[in-house]
Amino acid sequence: MDVMVSVKDGEVWAHDSGAPGGTGDDALPLVLLHPGVADSRVWDRVLPRLTERHRVIRYDARAYGRSPAPTAPFSLVEDLIAVLDHFGVARAVLAGSSMGGATAVSLALRDPARVASLALVVPTVTGAEDPLTPEFMAEVGGLARAGDVEGIVVMIRRVSAVLGTGDDPEVAEYLRAVVPAWLAVHPHQVPDPPVYDRLGELDVPCVLALAEHDQPGVIRVNETMAERIPGCRLVRLAHSDHFPTVREPDAVAEIILDAYAAAR
């Protein structure tokens, strides 16, 4: 079921798969949170294995995919809460990739009762050092001011999609679609509070997957996150860059199902 969900001063597109046969309406939903380098379509290769067992909810953050651009200040974690409330979800398993992982962790610390377990895939986290250098960001900014979307796509692929060849159409399409979203979101997104130094407070089952071919800065942050989160299981994806759902979808599905099985 596709719906538009009301959030503060706006709305986001969401999809609810409904409960598969035999799971019951009271089963924990699984909520998928996409990365900043793609919209919710990035889960397409993983989704079938998840929906055959669980009710799965996914949505596009503001300006991404099928969601309208923001027109007022907003918070990613507050939008997640609004989506959960819309679907009547008091507690869920959260699976977040990159930006989505940061949002999942933020909610788990803000309102622990709402999170049953975490599956974090190449996650970022608020309060950690940005893995992209100031020089890189300055070059991206210059391309953005010039309206050079293809130039930005080439740069991001160089650091985040290193396993892709010159013919990597799926990742290239994701990036072309999200560059306008970055520009639309920038004036309005209010950063959620930093939690990097609070990871030791998490009290929820957690599986964290890092990609061996990701940016070195992301790998370092992921390793530190796994060390700081009590009881976190670290999985290393040997054949992934920052797009594990494209490079190793079966492995990502297993990680999410393992996190679901550990939920309490």
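This passage describes the annotated domain, one helix pair, and the internal and open spaces of a predicted model.

The UniProt record, an unreviewed entry, places the feature "domain: AB hydrolase-1" at residues 30-254. In the model, the end C-alpha atoms of that span lie 14 Å apart. Helix accounts for 41% of the span and strand for 14%.

One helix pair was examined for its packing geometry. Helix α5 covers residues 149-160, and helix α6 covers residues 169-185. Their axes are 9 Å apart, and the two helices pack at an angle of about 120°. Angles of 65 to 115 degrees count as roughly perpendicular and those over 145 as roughly antiparallel, so α5 is oblique to α6. The crossing of α5 and α6 is right-handed.

Empty space was considered next. Such space is revealed by rolling a probe the size of a water molecule over the atoms. The largest pocket has a volume of about 1400 Å³. Its lining is made up of 44 residues. Of these, Met-99, Asp-130, Leu-132, Met-137 and Trp-182 lie nearest the centre of the pocket. Helices α3, α4 (134-145), α5, α6 and α7 (216-228) each give two or more residues to the pocket lining. The largest share comes from α4, with five residues. By class, the pocket lining divides into 25 nonpolar, 14 polar and five charged residues. The oblique pair α5 and α6 is thus among the elements that line this pocket.

A search of the whole structure for cavities of 30 Å³ or more finds one. The volume of the largest cavity is about 110 Å³. The cavity is lined by Val-12, Leu-33, His-34, Tyr-59, Ala-61, Arg-62, Phe-74, Leu-76, Asp-79, Met-99, Gly-100 and Thr-103. Two elements, α2 (76-86) and α3 (99-110), give two or more residues to this lining. Helix α3 gives the most, with three residues. Seven residues of the cavity lining are nonpolar, three are polar and two are charged.

The two spaces share some of their surroundings. Met-99 lines the largest cavity and is one of the residues nearest the centre of the largest pocket. Helix α3 gives two or more residues to the cavity lining and also to the pocket lining.

Key: Residues numbered from 1 in each chain as written. Predicted model: local features only at pLDDT ≥ 70, side-chain atom pairs only at ≥ 80, totals over all residues. Heavy atoms only, no water. 1 Å grid on protein atoms, 1.4 Å probe; cavity = no way out; pocket = protein on both sides within 12 Å on 5 of 7 lines; lining within 4 Å. Points joined across faces, edges and corners; volume = space filled by probe spheres on them. Helix = DSSP H or I, 4+ residues; strand = E, 2+ residues; numbered from the N terminus. Nonpolar A, V, L, I, M, F, W, Y, C, P; charged D, E, K, R; others polar. UniProt positions renumbered as here; feature names shortened; annotations may be inferred. Axes fitted to C-alpha atoms, helices over the stretch in contact; angles between N-to-C directions. Parallel < 35°, antiparallel > 145°, perpendicular 65-115°, else oblique. Left-handed = near helix turned anticlockwise from the far one by under 90°.
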